[in-house]
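Me: Take a close look at the charged side chains for me, and how they pair up. I'd like one connected walk-through rather than a list.

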Amino acid sequence: MERPETGDQFAQKDDRRVYGFSASHAVETTLGGLPGRGEVGVQLRQDRARVGLFDTQTRTTIGTTRDDRVRETLASVYGDLGVELTPWARTVVGIRVDQARFRVDSLGNAMNSGSARQTLASPKWSLVLGPWARTELFLNAGRGFHSNDARGVTARVDPRSGDPVDAVPGLVKAKGYELGVRSEIVPGLQSSLALWRLDFDSELVYVGDAGATEANRPSKRHGVEWNNRFVPMPWLLIDADLAWTRARFSDADSAGARIPNAVDKVASFGVTVRELGPWSASLQWRYLGSAPLIEDDSVRSRASLTTNLRVSRRFGTKTEVTLDVFNLLDRRVNDIEYFYESRLPGEVAAVADRHVHPAEPRTLRVTLRRSF
């Protein structure tokens, strides 16, 4: 319970601009007489944001927990080389080097201002066998990372209590493996099935109602993904994707092993009718399964199913008008759910309960696109 005097009402602000570019160059080459293809590239992305967390009462701001200007830059270089070992086997090796720079100007507490940088090298490797009968096997392995909120990288004190805190790393190492099969043995159907595993050194969580960043426990995930794309007729496309994930903290803790908000089942299904004269249309269904809200799995989020519709019409070769209808059936679902203690004004004691951000109701968007 963060706001005992006024109740737990708060407002968040995020005003963000994103800049970047990507460039690459590929060449055909040989290695020991074997045909190959190499590629090198560079990428740059910079986020500039003004983000804040404010206490409110009857939607009027009465205090500031955090108010920060954030600049986060990620510069990357990569290279890979693919070699055809035999007519039925090829391999790809590569490496990617990323440097992240974080700068935070804390307008509410100068002690949380600062800058930091971190560099990680991530090797990759793939082996593809086949095709046999329009079917191939693949194995991928490599290292990667996920990035943390920049405010946690430069933090020195808790924004609300003022207690000292440890800064968290900006980039957290990960390693992953994937084994699968791709096939086009059925005419018109592209299908792939993969088993995968992903390990993180830690789960990094931004606590939205407290304005603080927590470095959580190490984690491991494994699962199955099945992706399908079917074109029974030139004007009809059907796609279906299913995924199941088992996500757990990898260390022992009496609180439990479940990772809060880690969804275990995801599915999508879509039907697209394209280029019927000037018209195209698609209908997409998305299912998100439930997820644990606390580590012992005693409270879970509610599953959701949403439907989106898109209809487009071309006028000549350069103009297109598109109508999108999001949440077509106007279902009452939540974008996110949390479970923690809070107290409303007038309540004697804090109550542990769900805190949700509802999804948008049925929404229409019209887009005009003109090519030059």
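Reply: **Salt bridges, up close**

Let's start with Glu 184, which is partly exposed at 34% relative accessible area (buried is under 20%, exposed over 50%, partly exposed in between; 1.4 Å probe, protein chains only). Quick ground rules: this is a predicted model, so local features need pLDDT of at least 70 and side-chain atom pairs count only at pLDDT 80 or more, while totals for chains, interfaces and linings use all residues. Residues are numbered from 1 along each chain as its sequence is written, and side-chain values use heavy atoms, with hydrogens and water left out.

Glu 184 is joined in a salt bridge by Arg 134, with 2.9 Å between the closest N and O atoms (the cut-off is a side-chain nitrogen of Lys or Arg within 4 Å of a carboxyl oxygen of Asp or Glu). Arg 134 sits in the loop between strands S5 (114-132) and S6 (135-147), and Glu 184 in the loop between S7 (171-183) and S8, so the pair ties together parts that are 50 residues apart in sequence. (Helices, H or I and at least four residues, and strands, E and at least two, are DSSP runs numbered from the N terminus.) The Arg 134 end is exposed, at 54%.

Now take Glu 337 and Arg 302, whose side chains meet in a salt bridge at 4.0 Å, N to O. Glu 337 belongs to strand S17 (334-342) and Arg 302 to the loop between S14 (279-288) and S15 (304-315), so this pair links parts that are 35 residues apart in sequence. The two ends have quite a contrast in cover: Glu 337 is buried, with 3% relative accessibility, whereas Arg 302 is exposed at 52%.

Glu 39 and Arg 37 make another salt bridge, their closest N and O atoms being 3.5 Å apart. Arg 37 is partly exposed, at 41%.

Beyond pairs, there's a network of salt bridges linking Arg 258, Asp 264, Lys 265, Asp 297 and Arg 300. Over the whole structure, the count of salt bridges is 25.

One more acidic side chain is worth a look. Glu 203 is in the loop between strands S8 (189-200) and S9 (204-207), and it is buried at 12%. Its side chain makes a polar contact of 2.5 Å with the side chain of Ser 219 (N or O atoms within 3.5 Å; within protein, one must be able to donate a hydrogen and the other to accept it, and residues adjacent in sequence count only if both atoms are side-chain atoms).
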